[in-house]
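Please open the model in your viewer, with the sequence alongside, and follow the stops below in turn. Each stop suggests a selection and then says what is to be found there.

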Amino acid sequence: MRASRTTLALALCAAALLPWTAQGQAALSATVKITSPANGATVTGPVTIKLRATGVRIVPATVEKPGTGHHHLFVDHDLTWLTDTIPKGSPGIYHLGRGQTEFLLDSLKPGPHRVIAVVADWRHIPLNPLVADTVTFTVK
């Protein structure tokens, strides 16, 4: 009886120390940053979006491991799928499913634009708590 209580206590302690939940969701320390373009910048097209994540490993969408995810870009599109699967094929939503950390937007028209980067798991469900960053910029 004592051995099983000790085993249970060790398992509970280990679970409490894990930075990831069983569903592979990010810990509170996970972040994503759009490093380019700078917020408020005026740029010429095409526009390369560059991303950096911390506290979560960016991998292809086929990797089903806790502590991993991949980027999605919402370009001039509101976040509406925060607790459900991010849909494929929606205009303005780009899945970076190969684990990319850069993406070329080559069809932006001149004027103001907003890009929201969201990290999601292998099921394309945004991490919880939400791991996102937003920039606005103007294309000349």
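**A tour of the chain**

Begin with the whole protein chain in cartoon view: from the N terminus on, its elements run α-β-β-β-β-β-β-β-β-β, which comes to one helix and nine strands, where helices (H or I, at least four residues) and strands (E, at least two) are DSSP runs numbered from the N terminus. This is a predicted model, in which local features need pLDDT of at least 70 and side-chain atom pairs count only at pLDDT 80 or more, whereas totals for chains, interfaces and linings use all residues. Residues are numbered from 1 along each chain as its sequence is written, and side-chain values use heavy atoms, with hydrogens and water left out.

Colouring by accessibility is a useful second view: of the 140 residues of the protein chain, 38% count as buried (buried means under 20% relative accessible area, exposed over 50%, partly exposed in between, with a 1.4 Å probe and protein chains only). Among contacts (heavy atoms within 4.5 Å) between residues at least 6 apart in sequence, 64% join residues at least 24 apart.

**The open sheet**

Next, select strands 1, 3 and 7, which form an open sheet in the order 1-3-7 with antiparallel pairing; two strands pair if DSSP finds at least two bridges between them. Strand 1 (31-36) and strand 7 (102-105) stand at the edges, each with a single partner strand, so one side of each is left without a neighbour in the sheet. The twist averages 25° from one strand to the next, taken between axes that are lines fitted to C-alpha atoms, for helices over the stretch in contact, with angles from 0 to 180 degrees between N-to-C directions.

Strand 3 (residues 47-54) and strand 7 pair in the antiparallel sense over four bridges, and if you pick Lys 50, its bridge partner in strand 7 is Glu 102.

**Val 47 and its surroundings**

Stay in strand 3 and select Val 47, which is buried, with a relative accessible area of 3%. Leaving aside residues up to four places away in sequence, Val 47 touches Pro 37, Phe 103, Leu 104, Leu 105, Leu 108, Phe 137 and Val 139. The C-alpha atoms of Val 47 and Leu 105 are separated by 5.1 Å, although these residues are 58 apart along the chain.

**The aromatic pair**

Where is the one aromatic pair that the structure holds? Select Tyr 94 and Phe 103, whose rings form a tilted pair, 5.1 Å centre to centre and with 45° between the planes (rings of Phe, Tyr and Trp, its six-membered ring, pair if their centres lie within 6.5 Å; planes under 30 degrees apart count as stacked, over 60 as edge-to-face and the rest as tilted). Tyr 94 is partly exposed at 28% relative accessibility, and Phe 103 is partly exposed at 22%.

**The charged side chains**

A search of the whole structure finds two salt bridges, each being a side-chain nitrogen of Lys or Arg within 4 Å of a carboxyl oxygen of Asp or Glu. Asp 78 forms one with Arg 114, the closest N and O atoms being 2.7 Å apart. Asp 78 lies in the loop between strand 5 (68-75) and strand 6 (93-96) and Arg 114 in strand 8 (residues 111-120), so the pair ties together parts that are 36 residues apart in sequence.

Finally, select Asp 121 and Arg 123, which form a salt bridge with the closest N and O atoms 2.4 Å apart. Asp 121 is buried at 0% relative accessible area, whereas Arg 123 is partly exposed at 34%.
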